[in-house]
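Colleague: I am new to this structure and would love a close look at one part of it. Could you take me through the empty spaces and the packing around them?

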Amino acid sequence: MKRRGPAVLGGLSASVFRFWFVSSLVLVLLYITSPLVSTIAAPTWEGFTKTLADPEVLQSVWLSLSTAGMAAGLALFFGTPLAYVLARYDFPGKRFVESLIDLPIMIPHPVVGISLLTLTGRDTWFGGVIADLGVEIMGTTTGIVAVLLFVGLPFYVNTVKAGIESVPPRLENVSRSLGAGWAQTFFRITLPLSWRHMLVGMIMCIARAISEFGAIIIVAYHPMTAPVLMYERFTAYGLAWSQPVAVLLILASMLLFFLLRLFSLPKGSLS
């Protein structure tokens, strides 16, 4: 008599494996989409249009978008050189530097606010310097941008680092061997070949910045960004008053990630 145990076990394992994959796929998609769809469908059209006409809501949404954009611009200017160095050079302590860059992703968000206020307090040398320059962090738009840059910078740096690593170093070497300087090589070779990663990094930085809440309420509860306004309306008036603001944030996030997927496509895939 032939032994059928392994064959039966193999068939059972295949069935269980397929069930696990299909059921997990369905459950995960439902888990993500169900709360979002229910939130979008919850407000009445009248309530949603009333929210769109509310100056306080529009001001908070604009503040979130504008400060996130400023943080992304600062990440582009200051983060690109760091991404280039990490992509092209090995040096002692490189892994430690990379860990420091990723740290804002890991630490609790209120810790970011506490840390920034600790650094910029008037009883510190740095706080005294920026105070003499007329720069205020607590309760200002500048403070919001500082927070958003802190939490969004890792996403930009890591994305651009990966983009620069995808550019063959030999192209830069050939450019320099033909007489081009370091800056010329960067702007004529590296930048044109990695601009898509820079744009994606900025979009990721903006998306992360728009969602920030925990650090902002420590540094600058006022002026209120959209997440802070949504929280205030929820605590003061209840779920129905916060849902329209949540819908605006969901739609803004969906737009950003649509752009992210669009610019992440390989060159020529849209033709």
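Modeller: Happy to; here is a walk through the pocket, the cavity and the packed residues around helix α9. Please keep in mind that this is a predicted model.

Let us begin with the open space. The largest pocket has a volume of about 320 Å³. Two helices, α3 (55-88) and α9 (182-210), each give at least two residues to its lining. Along the wall you will find L76, F77, T80, P81, Y84, V85, W182, A183, F186, F187, L191 and M198. By class, that lining has 11 nonpolar residues, 1 polar residue and no charged ones.

Now look at T190, which also sits in helix α9. T190 counts as buried because its relative accessibility is 0%, and the cut-off for buried is under 20%. Leaving out residues up to four places away in sequence, T190 touches Y84, I164, V167, E172 and T185. One of these partners, Y84, is also part of the pocket lining.

Follow helix α9 further and you reach A207. With a relative accessibility of 13%, A207 is buried too, because it falls under the 20% cut-off. Beyond its neighbours within four places in sequence, A207 is in contact with L256 and F257. A207 and L260 are 53 residues apart in sequence, yet their C-alpha atoms are 9.6 Å apart in space.

That brings us to the packed interior. The largest nonpolar core has 49 residues, and V147, L148 and Y156 have the most contacts inside it. At least two residues of this core come from each of α3, α5 (109-120), α7 (141-165), α9, α10 (214-219), α11 (226-237) and α12 (239-264). Take L148 as an example: not counting residues up to four places away in sequence, L148 touches T67, A68, A71, A209, E212 and I216.

Finally, there is an enclosed space to visit. Searching the whole structure turns up 1 cavity of 30 Å³ or more. The largest cavity has a volume of about 40 Å³. Its lining is made of V61, S64, L65, I210, L248, L249 and A252, with α3 and α12 each supplying at least two of the lining residues. Sorted by class, 6 of these lining residues are nonpolar, 1 is polar and none is charged.

If you want one thread to hold on to, follow helix α3: α3 supplies at least two residues to the lining of the largest pocket, to the largest nonpolar core and to the lining of the largest cavity.

Key. Residues are numbered from 1 along each chain as its sequence is written. This is a predicted model: local features need pLDDT of at least 70, side-chain atom pairs count only at pLDDT 80 or more; totals for chains, interfaces and linings use all residues. Side-chain values use heavy atoms; hydrogens and water are left out. On a 1 Å grid over the protein atoms alone, a cavity is a set of points where a 1.4 Å probe fits but cannot get out, and a pocket is an open set with protein on both sides within 12 Å along at least five of seven lines; lining residues have an atom within 4 Å of a point. Grid points are joined across faces, edges and corners, and a volume is the space filled by probe spheres set on the points. Helices (H or I, at least four residues) and strands (E, at least two) are DSSP runs, numbered from the N terminus. Ala, Val, Leu, Ile, Met, Phe, Trp, Tyr, Cys and Pro count as nonpolar, Asp, Glu, Lys and Arg as charged, and the others, Gly among them, as polar. Buried means under 20% relative accessible area, exposed over 50%, partly exposed in between (1.4 Å probe, protein chains only). Contact means heavy atoms within 4.5 Å. A nonpolar core is a set of buried Ala, Val, Leu, Ile, Met, Phe, Trp, Tyr and Cys residues joined through side-chain atoms within 4.5 Å.
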